[in-house]
Amino acid sequence: MKNVQVVWFKRDLRVEDHEPLIEALKHGPVIPLYIIEPDLWAQPDLSSRHYDFITECLHDLNERLKKLGQPLIIRVGEAVDVLNELQSQTQFETLWSHQETWNGWTYERDLAVKRWAQDKGIAWYEPSQFGVIRRIQNRNGWAARWTKKMNGDILPPPARLEPIDIKSQNIPTKEKLNITPDPCPQRQTGTREQALKDLNAFLYERGEGYQKEMSSPVTAFTSCSRLSAHLSFGTISMREVYQIAAIRTREIANLPRSETGKWPGAMRAFNGRLRWHCHFIQKLEDDPRFEFENMHSAYDGLREPDFDDAKFEAWKAGMTGYPLIDASMRALNATGWLNFRMRAMLVSFASYHLWLHWRKPSLHLAGYFMDYEPGIHYCQHQMQSGTTGINAIRIYNPLKQGMDQDPDGVFIKQWIPELRDVPSDFIHKVEHLHDLAPDYPKMIVHEKEARKAAADKIYGIRKSKTHREEADEIVDKHGSRKSGMDQGFRKRNGKGVITLREAKQGELPL
């Protein structure tokens, strides 16, 4: 097999705008490879619903590759073992894949593959998929480089792939991989066609109220783009979304003012969140320890000794006695998705009211979120639990959020059947709910007392000079240079407090 090229698909399950595939074809025939790694699926942050979604993506990708002439080659095993066996069969000398910033397990796996490739004399090319840049020293110029990347040419799929006589394996069942069943009856479908359908519907039908309606769970399921899972697993590229959204923005700008409605604000908000998507992944790329350790060391040991497993289990089950918390958790279990405000509220409640260290709740939610993206996931968890040292302390009051975001209890009653007969006037009066609905639990903590106790502990740590010094170092390396969100930490008052308007700029997912 002269000059054969191996294109290793990871979380880029498409043939459109796929730089490794297009570049590899310039050098010889391509083996499109996907490796199903049993040890990866044994990790605590992955779940059955993720595997179901990826399986759909793989079937879809295989059909697209078959039409081009060469089906997807599936191999099961450790990446180094699979690549080594494939290299002995084909004598390939070049490996292609997109850069990947995923969980700690894949980071270590890629280091092992790099060592193997060097030992074998295999050239491994890894073009970037998002606007994430490897080995940068700080964020100076990052936003401009991101914009340049997004404005680059969208690469069309290849016209043809030369068929190669090489065997593929079947996709193993979840039972064979010992993946614990995780029913998610209302999850999204993992196909490119669905991604494009969701994008088109958002840009032309559902998204006009996005700027305001993203905050309420009553409206967010319809008004948000719902593209985050597709971006996480690559059925569509960030560059495609960015440029298609730019076309729509220009169309709206050319409409008569009487016809633009709320669309200009919606598009500004959406485009801002595309940038924030990569901004957060860049943080984990620059410092992989953020998946496991506090971003700011002043918070080490703060919550660990007080971790309460009973409270953690009640939070996981949606049985805390706080309706919006419990409805959000139950909705997430059934759909695999929540809007940002509800995600932030779940983490805030766990971190402050229940005083749980962010690591266990973050692992639990990672398995529930269909759009699990570690760079966003862990950095946001640290933001919401107050351990970054550079972001505002946001302790969401779940009762106030309930009255603001679901005043009539529509969302709450949809997901908590125990409360469906409770009059709407009482749905946010948690002190009476157990009397009106005996099957619903009493509130697990006193909201005001728990919130005050947590705030006193967190703000007490922020007063020290050493806290500010380390926070300055974090800003220098990871702070945004474009919006001033993280930079504002130092410029205002040195206390780590930013305005709510600035904080909202970081709201994800899409």
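Let's start with one pair of residues: valine 7 sits opposite tryptophan 96, which belongs to β4. Keep in mind that this is a predicted model. From that pair we can work outwards to the strands, then to the sheet, and finally to some helices.

**The strands around that pair**
- Strand β1 covers residues 5-9 and strand β4 covers residues 94-96.
- These two strands run parallel, and 3 bridges join them.

**The sheet**
- There's an open sheet here, made of 5 strands with parallel pairing.
- Read across, the order goes β3-β2-β1-β4-β5.
- At the edges you'll find β3 (73-76) and β5 (123-125), each of which pairs on one side only.
- On average, neighbouring strands of this sheet are turned by 30° against each other, ignoring direction.
- In general, strands of a sheet pair through backbone hydrogen bonds.

**A helix across the sheet**
- Helix α2, residues 48-68, lies across β1, β2 (30-36) and β3.
- Its direction is about 165° to β2.

**Two helices that meet**
- Helix α5 (residues 142-150) and helix α10 (residues 238-253) have axes that come within 9 Å and cross at roughly 85°.
- Angles of 65 to 115 degrees count as roughly perpendicular, so α5 is roughly perpendicular to α10.
- On the α5 side, the contact is made by Trp146, Thr147, Lys149 and Met150.
- On the α10 side, Met238, Arg239, Tyr242 and Gln243 do the job.
- Sorted by type, the residues of this α5 and α10 contact are 4 nonpolar, 2 polar and 2 charged.

Conventions. Residues numbered from 1 in each chain as written. Predicted model: local features only at pLDDT ≥ 70, side-chain atom pairs only at ≥ 80, totals over all residues. Heavy atoms only, no water. Axes fitted to C-alpha atoms, helices over the stretch in contact; angles between N-to-C directions. Helix = DSSP H or I, 4+ residues; strand = E, 2+ residues; numbered from the N terminus. Parallel < 35°, antiparallel > 145°, perpendicular 65-115°, else oblique. Contact = heavy atoms within 4.5 Å. Nonpolar A, V, L, I, M, F, W, Y, C, P; charged D, E, K, R; others polar. Pairing = 2+ DSSP bridges.
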